[in-house]
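Here are a few short exercises on charged side chains, each with a worked solution. Have a go at each task before you read on.

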Amino acid sequence: MATPLSDPSQSPLQTVAVVGLGTMGTGIAEVLAKAGRTVIGIDISETQAAKCVAALEASTARGVERGRLTEQERTEILGRVRTSADLRTAADADLVVEVAPESYEVKQQIFRELDGIVRPETILATGTNALSVTRLAAESSRPERVLGLHFFNPAPAMKLVEVVSSVLTAPAAVTAVTDLALDLGKEPVAVGDRPGFVADGLLFGYLNQAAAMYEAKYASREDIDAAMRLGCGLPMGPLALLDLIGVDTARTVLEAMYAASRDRLHAPAPILKQLSEAGLTGRKAGRGFYTYEAPGSPAVVRDTLTPPEGGDLAPGREIRSVGVAGSGTMASGIAEVFAKAGYEVVLAARSAEKAQTAKARIGKSLARSVDKGRMTAESAAETLDRISATGTYDDFAGVDLAVEAVAEDLEVKRQLFAALDKVCKPGAILATTTSSLPVVACARATSRPQDVIGMHFFNPAPAMKLVEVVRTVLTADDVHATVREVCGRIRKHPVDCGDRAGFIVNALLFPYLNNAIKMVQEHYATLDDIDAAMKLGGGYPMGPFELLDVVGLDVSLAIEKVLHREFRDPGLAPAPLLEHLVAAGCLGRKTGRGFREYAKR
């Protein structure tokens, strides 16, 4: 049941005016009313005000149906909200929250009018996520009472609220609004005034890179979105999220970010301008990157860009047995995946002892699956029996598919591919699991580059559904078709991408992580606040610094260097703080210290 976390009568901010009753304003009004505040909803459109009331009535009715509210509580909540088309009704407000369109002219006009209406002690908050709070404050006759209060959509569900101070904001105003956010059951994060603040500052750079990747025809919209959902555990893919946010809104935010940073990664991808100016602004228009059933509908419908059902791939090769080269966590995970799917697997390492250790690791993993009821003991035993551990790659002579999962070192991989070329039978497919090295360099180490392809599994391989299928300019069509078919048989989701640094996931993920490090390096926000902002405001399963420490700072730095070297963009240069930590041996959880310290195991 939604009840205030503390007695609202003890707060100095009892009456709150919300100016702008679109989706966000309506959500904020609901949150305030449920927390016991008196809400004055103001919108120049009486139609919009009526929609706000109808939305509140529907939302609270659902709350009663689901047992979260009593009928009495619903009546009280609705009784706390009144709407008006006249800004002068804000005269009694202790706090005004403005969520008008992202335009300086519109917001400045509202603030100028409010100056002549509200009491001297009233706090004025803007809900902008792209415009300068300082510039809006400077236009006011009470700049010390102006700040940013950035809720996330949908406001009733999203926990994060960014409280934005300008250099002019009085600490008492920040404290009062922060306390209010806590009373509302939100988690406030204090940030300084720069476009995008923390969450959107990191999110929109990533969304922009995804739009540019799609525009370059590197990967399909479906594959880009699936890669980020399945590879990073995100609730939505970037292009679907751009459609939800509004392509025009994203362009506005990025323009403001670029004006402040001059970072090319923030310069809006041209496709955002093209879609915006064509009126293809996303869900609200019924079409953006995707096509929707109707304006405002979340239901995606087929269009000319939708891939054909079942694909149009050439006939593939028959795969009965699989060789996996390597003895680490990734190699044993991949071997487990293939064996579970019924393939005969040869697991080869540099020594028989290492191969047996890897097989024992698989046995433990299968035992855990049995303990959790995911498979029977008999099935686990049969799976393990399909795996032959060996200390020589000569045992790959009969395999139809060889997958290497050795060290991420190009020379090591080249030498292995040269060896596999001599051992494996004609027609066998040779696959690399590299996450950042050129697949074609592995292919060129063989006499059969047409049979070489990338199969980038994600860790842990048994759990992660994604495989990036990486074609080089030399890869044969039937090799590509075969690998996609095999992915289906091992219950993985294949996404197609070309042979360039980072493929889809790492090319989008690591610049985002690097930008988070820059925020800390510049003392803009703390590790904890950034992690909280991305988990609560962006729906990320882990904050960027949690993820960096898990991945390993040395691994992250190596990938950043590869991306920077390939694309030559100054914005991709690794943050010096990352380089310093790696040089100091602070590599993350595996060393007990990275961005945070960890108890030694």
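**Exercise 1.** Which side chain meets that of lysine 34 in a salt bridge?

*Solution.* Before starting, note that this is a predicted model, in which local features need pLDDT of at least 70 and side-chain atom pairs count only at pLDDT 80 or more, while totals for chains, interfaces and linings use all residues. Residues are numbered from 1 along each chain as its sequence is written, and side-chain values use heavy atoms, with hydrogens and water left out.

- Step 1: Apply the criterion, a side-chain nitrogen of Lys or Arg within 4 Å of a carboxyl oxygen of Asp or Glu. Glutamate 30 is the partner of lysine 34, at 2.8 Å from N to O.
- Step 2: Place the pair. Both belong to helix α1 (residues 23-34), and because they are four residues apart, about one helical turn separates them. Helices here are DSSP runs (H or I, at least four residues), numbered from the N terminus.
- Step 3: Check exposure, where buried means under 20% relative accessible area, exposed over 50% and partly exposed in between (1.4 Å probe, protein chains only). Lysine 34 is partly exposed at 22%, whereas glutamate 30 is buried at 8%.

**Exercise 2.** Are the partners aspartate 421 and arginine 448 buried or exposed, and where do they lie?

*Solution.*

- Step 1: Confirm the contact. The closest N and O atoms of this salt bridge are 2.9 Å apart.
- Step 2: Locate the partners. Aspartate 421 sits in helix α15 (residues 410-423) and arginine 448 in the loop between α16 (439-443) and β16 (452-457), so the salt bridge ties together parts that are 27 residues apart in sequence.
- Step 3: Read the accessibility. Aspartate 421 is buried at 16%, and arginine 448 is buried at 8%.
- Step 4: Look for shared partners elsewhere. Glu318, Arg320, Asp400 and Lys425 are joined into one network by such salt bridges.

**Exercise 3.** How exposed are arginine 88 and aspartate 86?

*Solution.*

- Step 1: Find the contact. Their side chains form a salt bridge at 3.0 Å, N to O.
- Step 2: Compare each value with the cut-offs. Arginine 88 has 59% and is exposed; aspartate 86 has 28% and is partly exposed.
- Step 3: Set the pair in context. The structure holds 33 salt bridges.

**Exercise 4.** In which helix does arginine 368 lie, and which residues gather with Arg368 in a patch of positive charge?

*Solution.*

- Step 1: Arginine 368 is part of helix α13 (residues 352-371).
- Step 2: Its relative accessibility is 48%, or partly exposed.
- Step 3: Patch members have over 30% relative accessible area and no salt bridge, with like charges joined within 9 Å. Arg361, Lys364, Lys372 and Arg374 gather with Arg368 on the surface.

Technical notes
Patches are made of residues with over 30% relative accessible area and no salt bridge: like charges are joined within 9 Å, nonpolar side chains (Val, Leu, Ile, Met, Phe, Trp, Tyr) within 5 Å. Accessible areas come from the Shrake-Rupley method with a 1.4 Å probe; for residues, only the protein chains shown count as cover. Lys and Arg count as positive and Asp and Glu as negative; His and the chain ends are not counted. The place of a charge is taken as NZ of Lys, CZ of Arg, CG of Asp or CD of Glu. Helices (H or I, at least four residues) and strands (E, at least two) are DSSP runs, numbered from the N terminus.
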